[in-house]
Amino acid sequence: MTYKESNERIASLEKEKKYDIDPNAGEYRFVGTQEPDHRYVYDRFIDKVYYCFLRALVFIFAPFITFFAYRLRILGRKNLKLKNKRGAITVSNHISFLDSLIIKQVVFKRVYFVGASHNNKKGFFGYTIKILGFLPLSAQFSNQKNLNRAITQFLKKGKKVHIDPEQAMWWGYKKLRPFKNGAFNYAVTNNVPVIPIVNLIRDPNGWDKLVGRPFKVTSKVLKPVYPNDELSPKERIIDLKNRVREEMREEMNAFYGYECDVERIAE
């Protein structure tokens, strides 16, 4: 799907207020069947060796890829540093096919990504992206329990776990869509903060258009937002979600100079 075709599909979904639908639905390839008792923790010796090799490749090539694809700029990295080396859930607006690589560049340390089951790819490629930290969601109860345990384990070790609360990727979308509860449920359950990362889109110039670059990206890390322990668990989740979303909305509004919240625009 081209950028123009994607924009047309997004405009149609936006009109119907189907903000969590993937414009690329139905075009998924090499999807692997998720077997019962899916493995989420890759800690064998061979897994660690392969990860070190892949991490070296990412360290070398990711800056070039993200620079040439989106002229990536990163702001606010200091907000990733937490006391006592505790873990955190990171969230961002989902605006490009390279968001995972962008987040890796932003965090610059090991980060795990919770994603849709259709990203559970077959064969060696599937193994590779899992080694790099991909954690596929599952409709199977046993696998979902395994995923929950793995996320808790990573957070206890002080790692970052990234979740896109808008769910679907909308290529180059400049507005903020409604959030699902999942990311904030994990934060409350594990008593860790949420670190918002706002992907801000810069318009392309003539040279960008000439080389086929649809837009440029600035990723800005905002201050951590902590659960309110004075509320009940259910209220904590909603309150945390609302406060994180408001921080991101204010940052986007200031950058673009207009209201970016699709829910407020619709009122």
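User: Let's start with the loop between α2 and β1. Which residue there has a positive phi without being a glycine?

Analyst: Here's the general idea: most residues other than glycine have a negative phi. In this predicted model, Arg71 sits in the loop between α2 and β1, and its phi is near 50°, a positive value in a residue other than glycine. Arg71 counts as partly exposed, at 30% relative accessibility.

User: What about Lys17: where is it, and what is its phi?

Analyst: Lys17 is in the loop between α1 (3-15) and α2. Its phi is positive, about 60°, although Lys17 is not a glycine. Lys17 is exposed, with a relative accessible area of 52%.

User: And which residue takes a positive phi just after α4?

Analyst: That's Gly133, at about 120°.

User: Back to the loop between α1 and α2. What does Pro36 touch there, leaving out residues up to four places away in sequence?

Analyst: Pro36 touches Gln140 and Asn143. Pro36 lies in that loop between α1 and α2 and counts as exposed, at 56% relative accessibility. For a sense of distance, the C-alpha atoms of Pro36 and Phe154 are separated by 21 Å, with the two positions 118 residues apart along the chain.

User: Now helix packing. At what angle do α2 and α4 pack?

Analyst: The idea is to compare the directions of the two helix axes. Helix α2 (residues 45-70) and helix α4 (residues 123-131) pack at about 80°, and their axes are 10 Å apart. Angles of 65 to 115 degrees count as roughly perpendicular, so α2 is roughly perpendicular to α4.

User: Which residues meet there?

Analyst: From α2 you have Ile46, Asp47, Tyr50, Tyr51 and Leu54; they meet Phe124, Tyr127, Thr128 and Ile131 of α4. Sorted by class, the contact has 7 nonpolar, 1 polar and 1 charged residues.

User: Which residues of α4 are buried, and what covers them?

Analyst: The buried ones are Gly126, Tyr127, Thr128, Lys130 and Ile131. Their cover includes α2 and β4.

User: On to the sheet. What is the strand order?

Analyst: First the principle: strands of a sheet pair through backbone hydrogen bonds, either parallel or antiparallel. Here 7 strands make an open sheet, ordered β1-β7-β6-β2-β5-β3-β4, and the pairing is mixed. On average, neighbouring strands are turned by 25° against each other, direction ignored.

User: Which strands stand at the edges?

Analyst: β1 (73-75) and β4 (134-136) do. Each has a single partner strand, so one side of each is left without a neighbour in the sheet.

User: Take β2. Which strands does it pair with in the parallel sense?

Analyst: Strand β2 (residues 88-92) pairs with β6 (residues 194-202) in the parallel sense over 4 bridges. β2 also runs parallel to β5, joined by 4 bridges. Thr90 is a handy marker: its bridge partner in β6 is Ile195, and in β5 it stands opposite His162. Val91 has Ile163 as its bridge partner in β5.

User: Which residues of β2 point which way, and are they buried or exposed?

Analyst: Ala88, Thr90 and Ser92 point one way, Ile89 and Val91 the other, and all are buried. As a count, 5 of the 5 residues of β2 are buried.

User: How do the side chains of β5 point?

Analyst: In β5 (residues 160-163), Lys160 and His162 point one way and Val161 and Ile163 the other way, and all are buried. β5 also runs parallel to β3 (residues 111-115), with 4 bridges joining them; there, Phe113 has His162 as its bridge partner.

User: Which strands does helix α8 lie across?

Analyst: α8 (residues 233-256) lies across β2, β6 and β7 (216-221), and runs at about 25° to β6.

User: Last one: how many disulfides are there?

Analyst: A disulfide is a covalent bond between the sulfur atoms of two cysteines. A search of the whole structure finds 0. As for the cysteines Cys52 and Cys260, Cys52 is exposed, with a relative accessible area of 52%, whereas Cys260 is buried, at 0%.

How values were computed: Residues are numbered from 1 along each chain as its sequence is written. This is a predicted model: local features need pLDDT of at least 70, side-chain atom pairs count only at pLDDT 80 or more; totals for chains, interfaces and linings use all residues. Side-chain values use heavy atoms; hydrogens and water are left out. Axes are lines fitted to C-alpha atoms, for helices over the stretch in contact, and angles run from 0 to 180 degrees between N-to-C directions. Angles under 35 degrees count as roughly parallel, over 145 as roughly antiparallel, 65 to 115 as roughly perpendicular and the rest as oblique. Contact means heavy atoms within 4.5 Å. Ala, Val, Leu, Ile, Met, Phe, Trp, Tyr, Cys and Pro count as nonpolar, Asp, Glu, Lys and Arg as charged, and the others, Gly among them, as polar. Two strands pair if DSSP finds at least two bridges between them. A disulfide is a pair of cysteine sulfur atoms within 2.5 Å. Buried means under 20% relative accessible area, exposed over 50%, partly exposed in between (1.4 Å probe, protein chains only).
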